[in-house]
Amino acid sequence: MRKNYDYSVCFDKKTEELFKKSIYLGQGNNGIVFELPENKIIKIFQKEKICKAETNTLIKCKKSKYFPKIYSSGSLYIIREKVNGIRLDKYIKRNGLSKELTKEIYKLLKEFKKLKFTKLDTRCRDLYVTKDLKLMMIDPKGCYSRKVDFPRHLMKKLNKLGVLNTFLENINEIDSKSAKYWKIQLDKYFKKENIEYL
């Protein structure tokens with residue numbers, strides 16, 4: 001069960017006026033999110049360190065089509081573009097995993113490398129599938145601080161969804177070298193964590 005937190009943040013006058021028009025969207029482990037007018041959201045954080053890290057990541061990724069635009073930030077908040085779409089895990093439950101969507105996931109993971117991320121992984125809940133089948137990442141954390149050299153968490157969730165074999169088969173058609181390496185690393189991880197392939 002997710003913890004409930006008290007949030008306290010100082011806004012500048014412009015942000016304060018915007019916030020008066022906000023609508024609550026949800027709460028995660030690191031922050032609470034409200035929708036703002038003009039297709040924007042404000043995310044309020046508990047810790048300055050996490051806010052700063054996410055702000056810096058979004059600034060570094062500002063030219064990437066996979067990340068929302070950042071408009072402004074403070075010590076405990078970010079105002080960024082709202083991402084519209086369906087969460088990846090929910091999309092897969094409804095529609096399955098196509099070759100086209102696998103290719104989009106592969107391109108996103110290659111983008112991580114291009115952006116010099118040290119964490120080449122993401123969670124399904126942090127990826128949204130737009131209506132034109134493009135991916136957007138909503139919650140980039142640990143991208144430059146954690147070291148993960150294959151999509152471990154992503155594939156663990158795909159296994160739970162029952163589409164991991166389909167994913168690896170599709171990846172093998174796109175890039176057999178990556179598919180082989182990811183499978184070897186995943187086998188080691190699943191063995192260590194006592195996880196079964198579904």
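Helices, of at least four residues, and strands, of at least two, are taken here as DSSP runs numbered from the N terminus. The structure is a predicted model, and the description below treats the pocket before the nonpolar cores.

In terms of these elements, strand E1 makes the greatest contribution to the lining of the largest pocket, giving 3 residues, while E1 (23–27), E2 (31–36) and E3 (40–45) are each represented in that lining by at least two residues. The volume of the largest pocket is about 640 Å³, and of the 25 residues that line it, Gly26, Val33, Arg125, Tyr128 and Ile138 are the closest to its centre. When the lining is sorted by class, 11 residues are charged, 8 are polar and 6 are nonpolar.

The largest nonpolar core comprises 43 residues, within which Phe67, Leu88, Leu101, Ile105, Leu158 and Phe167 have the most contacts. Two or more residues of this core come from each of the helices H2 (48–60), H3 (88–95), H4 (99–114), H5 (152–160), H6 (164–174) and H7 (176–193), as well as from each of the strands E7 (127–129) and E8 (135–137); helix H4 supplies the largest share, with 6 residues. For Leu101, once neighbours within four places in sequence are set aside, the residues in contact are Leu88, Tyr91, Ile92, Val129, Leu133 and Leu135. Another core, of 8 residues, lies apart from the largest one, and its members include Phe11, Ile42, Ile44 and Ile79.

Methods:
Residues numbered from 1 in each chain as written. Predicted model: local features only at pLDDT ≥ 70, side-chain atom pairs only at ≥ 80, totals over all residues. Heavy atoms only, no water. 1 Å grid on protein atoms, 1.4 Å probe; cavity = no way out; pocket = protein on both sides within 12 Å on 5 of 7 lines; lining within 4 Å. Points joined across faces, edges and corners; volume = space filled by probe spheres on them. Nonpolar A, V, L, I, M, F, W, Y, C, P; charged D, E, K, R; others polar. Core = buried A, V, L, I, M, F, W, Y, C linked by side-chain atoms within 4.5 Å. Buried < 20%, exposed > 50% of the residue type's maximum accessible area, 1.4 Å probe, protein only. Contact = heavy atoms within 4.5 Å.
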